Amino acid sequence: MGGTFDPIHHGHLVAASEVADRFGLDEVVFVPTGQPWQKADEPVSPAEDRYLMTVIATASNPRFQVSRVDIDRSGPTYTVDTLRDLQAEYGPKVQLFFITGADALQRILSWKDLDEIFELAHFVGVTRPGFALTDKHLPADTVSLIQVPAMSISSTDCRARVARGEPVWYLVPDGVVQYIAKRRLYQR
Ligand code: ATP
Ligand code: MG
C-alpha cells in the first residue's frame, strides 16, 4: 500500500487490514512515498517523519511491514519503480497486490508505465467516503473492487486539525498523536 502517510491514519489501517483478510495476504507492506509527483506544489513533511509515523502505527501488527524503497530512491516516486523494487526484493515467486483508495484509483490512468504496472501487481480498489469506486477504463482482470468500513478520515483533515489546535486522537494511532506533538508537525 503506497501513500504519503502525512500522517498515517485509521482509514489506511482499516483498508489494509480488510484487504489482507479478504485476499488472504501474508503481509501488507506500507510504502511511504519519496517525493510524490502528484503533490509537487504542496508542502510534504520530511520523509523520515512520515516513515517513522508509519512504523509506529504498524509496529504491533506482525503482518504489517514498512518499506523504505520509495524514500531511499531519489527523484519523484512512480508506482512502477515501487513495484519493480519490491518484486526484486521479495523474489519472483511472490505475488504483489497494490491497495489503493477510490480517489487514487480514479487517477490511475495518468500513472507512468501503466501496462507494466498491471503486469507487476493485482490492484485492489477500496471504498472511501466521498469518492465513487469505479474501474471504468481499467482492465477487469487486474483490478478488484472491495467495500471496506467507511472511515471518513484524510491526512489533509488531520493536518488542518493540528494546525487549528484541534485533537486528532482516535483518528490516528496514539503513538502517532504523540509523535506529531513531539516533532511539532503541522503547526503553523
Ligand atoms: P492526503 O489528504 O494528504 O492526500 P490521504 O488521507 O488521502 O492524505 P494518502 O497517503 O494520500 O492519504 O493515501 C494513501 C492511500 O490510502 C491512497 O490509495 C488513498 O486512496 C487511501 N486512503 C486514504 N484514506 C483512506 C480512507 N479513509 N479510506 C480508504 N482509503 C483511504
Ligand atoms: Mg490522498
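The following exercises, with worked solutions, concern a predicted model.

**Exercise 1.** Determine whether strand β2 is buried or exposed.

*Solution.* Begin with the criterion: a residue counts as buried if 20 or more other C-beta atoms lie within 10 Å of its own. Next, apply this criterion to β2, which spans residues 28–32: 5 of the 5 residues are buried. Then consider the two faces separately. In a regular strand, side chains alternate between the two faces of the sheet. On one side of β2 lie V28, F30 and P32, and on the other V29 and V31; all are buried, and both faces are thus covered. The strand is therefore largely enclosed by the rest of the structure, because 5 of its 5 residues are buried.

**Exercise 2.** Identify the strands that pair with β2 and state the sense of the pairing.

*Solution.* Take strand β1 (residues 2–3) to start: it pairs with β2 in the parallel sense over 2 bridges. Within this pair, V31 of β2 has G2 opposite. Turn then to strand β4 (residues 64–66), which runs parallel to β2 and is joined to it by 3 bridges. Here F64 of β4 stands opposite V28. Finally, add the helix: together with α1 (residues 10–23), β1 and β2 form a β-α-β unit that is right-handed.

**Exercise 3.** Describe which residues and elements surround ligand 1.

*Solution.* First, count the shell: it holds 18 residues, the closest being G3, G11, G101, S155 and T156. Second, assign elements: α1, β6 (96–101), α5 (102–106) and α7 (155–163) each give two or more residues. Among the contributors, α1 gives the most, with 3 residues. Third, sort by class: the shell comprises 9 polar, 6 nonpolar and 3 charged residues.

Methods. Residues numbered from 1 in each chain as written. Chains lettered and ligands numbered in written order. Predicted model: local features only at pLDDT ≥ 70, side-chain atom pairs only at ≥ 80, totals over all residues. Buried ≥ 20, exposed ≤ 12 C-beta atoms within 10 Å, placed from the backbone. Helix = DSSP H or I, 4+ residues; strand = E, 2+ residues; numbered from the N terminus. Pairing = 2+ DSSP bridges. Right-handed = clockwise from strand over helix to strand, strands pointing away. Near = placed C-beta within 6 Å. Nonpolar A, V, L, I, M, F, W, Y, C, P; charged D, E, K, R; others polar.
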